[in-house]
Amino acid sequence: MPQDMGKRVREWWGRARNPGGHERQVLELIVKSTLAASLSWYVAHDLLVARTPAFAPFSAVLIMQVTVYQSLLQALRYLTAVCAGVFVQAGLGFLAGPELFTFVLVALIALTIGRWRHLGEQGTQVATAAFFAFSTYSASTGNLQRVEQLGQIILLVAIGCGIGVGVNLFLWPPTRYRGAEAGIHALARALSDLLADIHPALRAHDFDPESAGQWRQRAADITSLVGQTRSALHTAIESRYYNPRLLLPHRSRHRDFYGYRELVGALERVTHQLGSLTRTLHHWPRGEDGDECRGFLRDCADLLEALGEITRQFGEVEEAQLPRQARRLCDAAERAQEKHSRLVGHARDTSLPLGDPSRPYGVLLVEATRLMDEARYSCDTLWHTVDETRQSAGACDERVP
């Protein structure tokens with residue numbers, strides 16, 4: 001058991017060396033939270049000699065988030081919640097005194113304010129601050145001391161929030177460009193792997209309901225990757241806000257991720273279309289056979305193989321290499337378009353019942369066409385992004401290498 005634990009620890013530290021890995025992000029957040037808490041405690045305990053110095057480090061850790069923007073947002077919400085709780089207690093406390101009835105009113109009003117949607121997840125802190133303030137108010141003697149103690153709570157919370165945001169701003173301010181690309185890579189590679197398993201079976205007309213059912217399940221599982229990819233992209237976009245690292249010259253190439261946002265949307269539609277296609281294959285009638293059927297499936301397999309090459313290249317997208325990759329993707333899309341044209345042309349030249357909704361050929365042809373359209377749109381989106389980037393850089397007449 002100790003050996004297994006040691007092995008897992010070494011593996012975790014090995015993964016933490018990867019700048020874009022989850023373990024590295026966790027380690028950075030722990031270090032920054034520790035530093036922010038320690039500085040807050042030093043200011044509150046050693047410099048201000050506060051009676052309740054724990055408010056400062058607690059606040060610093062509470063608002064520490066993955067991005068600077070989120071840290072600032074949570075700090076503002078938390079400070080607002082604490083001020084609201086303290087003011088509610090102060091108002092009722094000075095009017096009615098530290099009685100049980102007063103506490104009931106404080107709890108009722110603070111919990112009601114905490115439901116305000118703009119406070120978000122910090123809404124519960126209104127009641128928490130109010131209860132702490134009531135305890136402090138009850139333990140104090142004299143109105144002057146009570147005012148000082150309640151004001152000190154707000155001051156300590158503000159110090160903790162300020163130090164927490166400052167540490168996140170100036171110590172490894174997070175950027176999540178690699179996380180966005182990694183999410184796109186994972187989604188695209190999952191699609192590519194599924195297509196790579198489907199097209200050989202179609203070409204050989206060697207699939208059954210069980211294997212097609214597995215394809216359908218994998219397509220459904222890939223849907224969960226779409227949400228993860230969108231979350232990673234949202235975090236990457238958010239990490240730009242108030243981030244001083246963007247002022248560095250080598251960060252100027254990072255823009256608004258417009259191309260990536262459009263690409264994730266297109267890959268999401270590809271995922272849904274692929275799920276529909278696997279559903280059709282799962283319900284493929286056992287009696288469908290013959291030379292025309294086999295030829296139709298071979299043409300479908302050729303198209304899916306070409307589309308698999310496109311998704312494979314999406315799985316290697318890097319912002320620094322987009323011009324070259326966009327050119328290769330456009331070439332791959334042209335080859336896939338040729339496969340699609342051949343599929344449609346051959347299908348129309350056969351006696352297959354393309355217009356019969358009870359037979360699978362027309363449905364499969366429509367779904368293959370939609371897959372082709374989404375793949376083509378994805379390639380065009382990246383190319384348009386590269387073209388806009390070149391124009392904004394004053395290189396409108398340059399050819400993409």
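**Group meeting: a walk through the model**

Okay, let's start with Thr136, which sits in helix 6, residues 124-139. Before I go on, keep in mind that this is a predicted model. So, is Thr136 buried or exposed? Thr136 comes out buried, because its relative accessible area is 17% and the cut-off for buried is under 20%. And what does Thr136 touch, once you leave out residues up to four places away in sequence? Those contacts are Gln149 and Ile153.

Next up, Ser224. You'll find Ser224 in helix 9, which covers residues 209-238. Ser224 has 45% relative accessibility, so it counts as partly exposed; that class lies between the 20% and 50% cut-offs. If you want a distance to check on your own screen, take Ser224 and Leu187: C-alpha to C-alpha they are 9.3 Å apart in space, with their positions 37 residues apart in sequence.

Now for the cavities. How many cavities of 30 Å³ or more does the structure hold? There is 1. The largest cavity has about 70 Å³ of space in it. If you'd like to select the lining, here's the list: Leu195, Val270, Leu274, Leu307, Ile310, Thr311, Phe314, Leu371 and Ala375.

Which helices supply at least two residues each to that lining? They are helix 10 (258-282), helix 11 (291-314) and helix 13 (360-392). Helix 11 gives the most, with 4 residues. As for chemistry, the lining of the largest cavity has 8 nonpolar residues and 1 polar one, and no charged residues.

Last topic, cysteines. A disulfide is a covalent bond between the sulfur atoms of two cysteines. This structure holds 0 of them. Take Cys300, which is in no disulfide: the nearest cysteine sulfur belongs to Cys293 and is 9.5 Å away. A pair would have to be within 2.5 Å to count as a disulfide, so that one is out. Cys300 is also buried, with a relative accessible area of 4%.

Then there's Cys379. Where is the nearest cysteine sulfur to that of Cys379? That sulfur is on Cys330, 6.0 Å away, and Cys379 is in no disulfide either. Cys379 has a relative accessible area of 1%, so it goes down as buried too.

To recap: Thr136 is buried in helix 6, Ser224 is partly exposed, the largest cavity holds about 70 Å³, and there are 0 disulfides. Okay, over to you.

Definitions and conventions
Residues are numbered from 1 along each chain as its sequence is written. This is a predicted model: local features need pLDDT of at least 70, side-chain atom pairs count only at pLDDT 80 or more; totals for chains, interfaces and linings use all residues. Side-chain values use heavy atoms; hydrogens and water are left out. Buried means under 20% relative accessible area, exposed over 50%, partly exposed in between (1.4 Å probe, protein chains only). Contact means heavy atoms within 4.5 Å. On a 1 Å grid over the protein atoms alone, a cavity is a set of points where a 1.4 Å probe fits but cannot get out, and a pocket is an open set with protein on both sides within 12 Å along at least five of seven lines; lining residues have an atom within 4 Å of a point. Grid points are joined across faces, edges and corners, and a volume is the space filled by probe spheres set on the points. Ala, Val, Leu, Ile, Met, Phe, Trp, Tyr, Cys and Pro count as nonpolar, Asp, Glu, Lys and Arg as charged, and the others, Gly among them, as polar.
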